[in-house]
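Please look over the sequence and the structure shown here. The text that follows walks through them step by step.

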Amino acid sequence: MTDVARPASAERSTPAAATRAPAARRRTLAEQSTELRIAIMRLSRRLRQERTETELSGSQFSTLGWISTEGPLTIGRLAELERVTAPSMNRTVNCLVDAGYATRAASPDDGRKVIVAATATGEAIVLETRRRRDAWLAKRFAALTPAERETLAAATTILRRLTDQ
């Protein structure tokens with residue numbers, strides 16, 4: 001019976017090694033930022049898959065979501081919220097109107113402004129998509145420990161602050 005030390009490369013390739021926490025090492029701010037960005041992008045991509053069957057792009061759905069949440073909005077305000085130009089938002093709104101998900105009307109206060117509102121069909125798509133996404137995420141939350149859920153609650157507050165800067 002010989003006790004031979006395994007090379008470090010062999011240990012890293014085992015399934016057990018893949019599940020162990022990495023050795024404690026102080027990561028740089030850039031490394032932490034990269035890891036957070038990748039995790040958020042993967043989660044976002046996965047959540048986007050949970051939606052109703054429509055041909056809406058991500059930006060079209062996001063715009064429709066703002067209208068659904070905030071009520072009728074001007075194109076200028078939608079552009080601010082989505083951080084795009086007014087001409088770009090106008091194209092997005094045109095697509096929503098053409099698909100029957102939104103309407104546009106002149107503002108009662110200023111005839112030069114256009115007010116965009118969701119139709120009943122648009123509202124239904126937003127509500128169903130949000131329901132699906134919430135259900136997907138709630139199922140994953142249920143598998144977490146109470147401490148992990150508390151950590152995510154704290155992280156949610158911090159992430160909101162980052163996005164509002």
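Which residue just after helix 4 takes a positive phi? In this predicted model, that residue is Gly-71, with a phi of about 90°.

Before going further into that helix, consider the chain it belongs to. The protein chain holds 8 helices and 3 strands. Read from the N terminus on, the elements follow the order α-α-α-α-β-α-α-β-β-α-α. Of the 165 residues in the protein chain, 21% are buried. The accessible surface of the chain comes to about 12,100 Å², and carbon and sulfur atoms account for 56% of that surface. Among contacts in the chain with a separation of 6 or more, 52% are between residues 24 or more positions apart.

Now return to helix 4, which covers residues 58-70. Its 13 residues should span 18 Å because each residue contributes 1.5 Å, and the end C-alpha atoms are indeed 18 Å apart, so the two values agree. The buried residues of helix 4 are Gln-60, Phe-61, Thr-63, Leu-64, Gly-65, Ile-67 and Ser-68. What covers these buried residues includes two strands, strand 1 (73-74) and strand 3 (114-118), together with helix 5 (75-82), helix 6 (86-98) and helix 7 (120-142).

One of these neighbours, helix 5, can be followed in detail. The axes of helix 4 and helix 5 come within 10 Å and cross at roughly 120°. This crossing is right-handed. On the side of helix 4, the residues that meet helix 5 are Ser-59, Ser-62, Thr-63, Trp-66 and Ile-67. Their partners in helix 5 are Leu-78, Leu-81 and Glu-82. By type, the residues of this contact divide into 4 nonpolar, 3 polar and 1 charged. Thr-63 and Ile-67 take part in the contact with helix 5 and are also listed as buried in helix 4.

Another neighbour that helps cover helix 4 is helix 7. Helix 7 has 23 residues, which at 1.5 Å a residue should span 33 Å; its end C-alpha atoms are 32 Å apart, which agrees. Which residues of helix 7 are buried? They are Gly-122, Ile-125, Val-126, Thr-129, Arg-133 and Trp-136. The buried residues of helix 7 pack against helix 3 (29-48) and helix 4. The contact between helix 4 and helix 7 can thus be read from either end: helix 7 is part of what covers the buried residues of helix 4, and helix 4 is part of what the buried residues of helix 7 pack against.

Notes:
Residues are numbered from 1 along each chain as its sequence is written. This is a predicted model: local features need pLDDT of at least 70, side-chain atom pairs count only at pLDDT 80 or more; totals for chains, interfaces and linings use all residues. Side-chain values use heavy atoms; hydrogens and water are left out. Helices (H or I, at least four residues) and strands (E, at least two) are DSSP runs, numbered from the N terminus. The expected span of a helix is 1.5 Å times one less than its number of residues. Buried means under 20% relative accessible area, exposed over 50%, partly exposed in between (1.4 Å probe, protein chains only). Contact means heavy atoms within 4.5 Å. Accessible areas come from the Shrake-Rupley method with a 1.4 Å probe; for residues, only the protein chains shown count as cover. Axes are lines fitted to C-alpha atoms, for helices over the stretch in contact, and angles run from 0 to 180 degrees between N-to-C directions. A crossing is left-handed if the near helix is turned anticlockwise from the far one by less than a right angle, and right-handed if clockwise. Ala, Val, Leu, Ile, Met, Phe, Trp, Tyr, Cys and Pro count as nonpolar, Asp, Glu, Lys and Arg as charged, and the others, Gly among them, as polar.
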